[in-house]
Amino acid sequence: MASPPTARESVPAARTNKTGLEFKVGDAVVYPAHGVGKVAAIETQEVAGMSLEVYVVTFDHEKMTLRVPTKKAKTAGLRPLAANDVVSKALTTLKGRARIKRTMWSRRAQEYEAKINSGDLISIAEVVRDLYRADTQPEQSYSERQLYESALDRMAREVAAANGTDKDAALELLAKSLSAKKAAAPAAVEEDAEAEAA
């Protein structure tokens with residue numbers, strides 16, 4: 001049985017698979033608050049006199065680099081791309097009926113934001129589904145539109161990476177699923193116990 005990993009020197013890209021690390025250089029990964037990124041390197045850094053091994057994750061769409069300690073990657077929410085069955089379930093979620101809670105918009109907006117930043121593809125699909133507006137439906141407010149576009153962008157990037165396509169092809173796939181929604185069915189309004197009590 002392998003002993004637990006200890007602080008070690010910088011690991012060459014060719015040997016990363018044998019180190020017991022979950023990700024290797026070149027892997028596409030998802031970080032909850034930023035979406036799809038790529039492991040650019042695995043480095044050892046000195047922090048407060050201690051050696052710390054980190055994944056260097058780059059996010060091209062945000063032109064940002066993040067360093068995540070390898071030992072805390074899982075608790076930080078760093079995960080591999082969604083598996084095919086999760087992508088399929090997310091696309092099926094888009095076809096479902098919107099579920100809108102009867103609460104103030106500010107409360108719903110916070111919930112949508114939390115779902116987007118959870119990094120969970122199904123939760124993000126729920127936001128896209130709930131905030132989607134067909135051409136025949138009334139206009140969205142600016143904040144609704146912003147949240148919708150943020151969720152749609154996050155979902156499209158992961159679906160594109162998981163399917164090995166580009167973002168435009170993924171957006172087309174999402175649009176197909178959204179247009180397959182039951183057009184006649186109105187959004188289901190869910191009662192919120194707190195709103196009722198207020």
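# Strand pairing, burial and salt bridges

User: What is the bridge partner of Val30 in β5, and what makes β1 and β5 count as paired strands?

Analyst: In this predicted model, Val30 has Arg79 of β5 as its bridge partner. Between β1 and β5 there are 2 bridges, and the two strands run antiparallel. Pairing requires at least two bridges between the strands, so the 2 bridges from β1 to β5 meet that requirement.

User: Why are β1 and β2 called paired as well, and what joins them in sequence?

Analyst: The threshold is again at least two bridges, and β1 and β2 have 4, in the antiparallel sense, so they are called paired. One of the partnerships sets Tyr31 against Gly35 in β2. The two strands form a hairpin, with 3 residues between them.

User: What makes β2 and β3 a pair, and what is found in the turn between them?

Analyst: A total of 9 bridges join β2 to β3, set against a requirement of at least two, so the pair qualifies, and its strands run antiparallel. Within this pairing, Lys38 stands opposite Thr58 in β3. These two strands also form a hairpin, here with 2 residues between them, and Ala48 in the turn has a positive phi of about 50°. On to β4: strand β3, residues 50-59, is joined to β4 by 6 antiparallel bridges, and Tyr55 has Val68 as its bridge partner in β4.

User: In what order do the strands form the sheet, and why are some of them called edge strands?

Analyst: The sheet is open and consists of 5 strands in the order β4-β3-β2-β1-β5, with antiparallel pairing. The edge strands are β4 (64-69) and β5 (79-80), each of which pairs on one side only. Helix α4, residues 142-163, packs on this sheet and touches β1 (28-31), β2 (35-47) and β5, its direction making about 85° with that of β2.

User: Why is Glu158 called buried or exposed?

Analyst: Glu158, which lies in helix α4, has a relative accessible area of 2%. Buried means under 20%, so Glu158 is called buried. Leaving aside residues up to four places away in sequence, Glu158 touches Val30, Val36, Arg79, Leu81, Ala82, Gly119 and Leu121.

User: How do you know to what extent helix α3 is enclosed by the rest of the structure?

Analyst: Of the 11 residues of α3, which spans 121-131, 10 are buried, so the helix is largely enclosed by the rest of the structure. Among the buried residues are Leu121, Ile124, Val128 and Arg129. What covers them includes β5, α1 (84-95), β6 (99-101), α2 (105-117), α4 and α5 (167-179).

User: Why is the contact between Glu126 and Lys115 called a salt bridge, and what does it tie together?

Analyst: The N to O distance between these side chains is 2.6 Å, and the cut-off is within 4 Å, so the pair counts as a salt bridge. Glu126 lies in helix α3 and Lys115 in helix α2, so the bridge ties together parts that are 11 residues apart in sequence. With relative accessibility of 23%, Glu126 counts as partly exposed, and Lys115 is likewise partly exposed, at 27%.

User: What makes Arg133 and Glu144 a salt bridge, and how is each of them classed by accessibility?

Analyst: Their side chains meet at 3.3 Å, N to O, which is within 4 Å, so they qualify. Arg133 sits in the loop between α3 and α4, while Glu144 belongs to helix α4, so this pair too ties together parts 11 residues apart in sequence. Arg133 counts as partly exposed at 26%, whereas Glu144 counts as buried at 12%. Elsewhere, salt bridges that share partners join Asp153, Arg157 and Lys167 into one network.

User: Why are Lys24 and Asp27 placed in separate accessibility classes, and how many salt bridges are there in the whole structure?

Analyst: Lys24 has a relative accessible area of 36%, which falls between 20% and 50%, so Lys24 is partly exposed. Asp27, at 19%, falls under 20% and is therefore buried. The two form a salt bridge in which the closest N and O atoms are 3.3 Å apart. A search of the whole structure finds 10 salt bridges.

Methods: Residues are numbered from 1 along each chain as its sequence is written. This is a predicted model: local features need pLDDT of at least 70, side-chain atom pairs count only at pLDDT 80 or more; totals for chains, interfaces and linings use all residues. Side-chain values use heavy atoms; hydrogens and water are left out. Contact means heavy atoms within 4.5 Å. Axes are lines fitted to C-alpha atoms, for helices over the stretch in contact, and angles run from 0 to 180 degrees between N-to-C directions. Buried means under 20% relative accessible area, exposed over 50%, partly exposed in between (1.4 Å probe, protein chains only).
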